[in-house]
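Here's a quick briefing to read with the model open beside you. It goes topic by topic, so jump to whichever part you need.

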Amino acid sequence: MKNGVLARSRGVAVVAPSADARTRDRVAQLLFESGAATAAELGAQLGLSPAAIRKHLDAMLADQLVEVRETRPRGPRGRGRPAKAFVLTAAAREGFPHFYDGIATAALRWIAEHGGPEAVTAFATAQVSALEERCRAALLEAGDDPIARAEALAEALTAEGYAANATTIASGGQLCQHHCPVAHVAAEFPQLCDAETAVISRLIGTHVQRLATIAHGDGVCTTHIPTPPRVISTTDATATTVRTDK
């Protein structure tokens, strides 16, 4: 199903999927809805001959999109081998839409109703703590310079799926995240964005300012990292007085 449902879910541009790919998409959809089905059942629903459905199932088995399970007979067991049912693998199921955002939003609404805004904030802080520890380990050799730490943090966040990058600008630095895994939930509960911003500030080691977020309709989550204030040495600070009354 390289040109079908799974390929689209991974961001692959599919212009004209082949007839085989479209058929395998239909097979996958039927298995997704039914949980399991035999080759005969699939063939009957799709109007395909046993040989044709076997060809598609063999290809999906080779791509590890389906696996085989023996079915329990519903009536008196006859002679011959038991029928084999096909089910989607966990990898194949990832190609279908999920409703985690709806569940997460409902859970946070429940927390807010029973514990108040403070409980939501505490939950958001706890959720990003593991991410903070993983990123902190990636910044061990980044030094103390905030911009260098921002660059290292961008690499760590990219490894976490945030598609991040850091750039130097006239007023300091800028950390951009091109993907947000909790954007739909954070649109209603900005505490998630606040907790993430606090993590960025702690990891970089300086105050930062969130300028834009995907959760609020912007194309990119943008965090500004101001240039650290220049430390004036005692020598620089000493004023030289030139007498003119001589």
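The expected span of a helix is 1.5 Å times one less than its number of residues. Keep that rule handy for helix α10, which comes up in several of the points below. One thing to bear in mind throughout is that this is a predicted model.

**Helix α10**

- Helix α10 covers residues 191–204, and its 14 residues should span 20 Å at 1.5 Å a residue. The C-alpha atoms at its ends are 20 Å apart, so the model agrees with the expected value.
- How many of the 14 residues in α10 are buried? The count is 10, so the helix is mostly covered, given that buried means under 20% relative accessible area.
- The buried set is Q191, L192, C193, A195, E196, T197, V199, I200, L203 and I204.
- Just after α10 comes G205, which takes a positive phi of about 90°.

**Salt bridges**

- As general background, side chains of opposite charge can pair when their charged atoms come close.
- The model has six salt bridges in total, counting a side-chain nitrogen of Lys or Arg within 4 Å of a carboxyl oxygen of Asp or Glu.
- Take E132 and R202: they form a salt bridge, and their closest N and O atoms are 2.9 Å apart. This pair links distant parts of the chain, with E132 sitting in helix α7 (residues 117–138) and R202 in helix α10, 70 residues apart.
- The two partners differ in how covered they are: E132 is buried at 8% relative accessible area, whereas R202 is partly exposed at 42%.
- R210 and E196 also meet through their side chains in a salt bridge, at 2.6 Å from N to O. Since R210 lies in strand β6 (residues 209–212) and E196 in helix α10, the pair ties together parts that are 14 residues apart in sequence.
- R210 is buried, with a relative accessible area of 17%, and E196 counts as buried too, at 11%.
- Which residues are joined into one network by salt bridges that share partners? They are E132, R136 and R202.
- E67 pairs with R69 in another salt bridge, where the closest N and O atoms are 3.4 Å apart. E67 counts as partly exposed at 33% relative accessibility, and R69 is partly exposed as well, at 49%.

**Contacts across the sequence**

- S129 belongs to helix α7 and is partly exposed, with 33% relative accessibility.
- The C-alpha atoms of S129 and A195 are separated by 9.1 Å, although the two residues are 66 apart along the chain. A195 is one of the buried residues of α10.
- Over in strand β5 (residues 172–177) you'll find L175. Is L175 buried or exposed? At 0% relative accessibility, L175 counts as buried.
- L175 and N165 are 10 residues apart along the chain, and their C-alpha atoms are separated by 5.9 Å.

**A negative surface patch**

- Four residues, D144, D145, E151 and E155, form a negative patch on the surface.
- E151 sits in helix α8, which runs over residues 146–159. With a relative accessible area of 41%, E151 is partly exposed, and that value clears the cut-off for patch residues, which is over 30%.

Definitions and conventions:
Residues numbered from 1 in each chain as written. Predicted model: local features only at pLDDT ≥ 70, side-chain atom pairs only at ≥ 80, totals over all residues. Heavy atoms only, no water. Patch = residues over 30% accessible without salt bridge, like charges linked within 9 Å, V, L, I, M, F, W, Y side chains within 5 Å. Areas by Shrake-Rupley, 256 points an atom, 1.4 Å probe, with all protein chains shown as cover. Lys, Arg positive; Asp, Glu negative; His and termini not counted. Charge placed at Lys NZ, Arg CZ, Asp CG, Glu CD. Helix = DSSP H or I, 4+ residues; strand = E, 2+ residues; numbered from the N terminus. Buried < 20%, exposed > 50% of the residue type's maximum accessible area, 1.4 Å probe, protein only.
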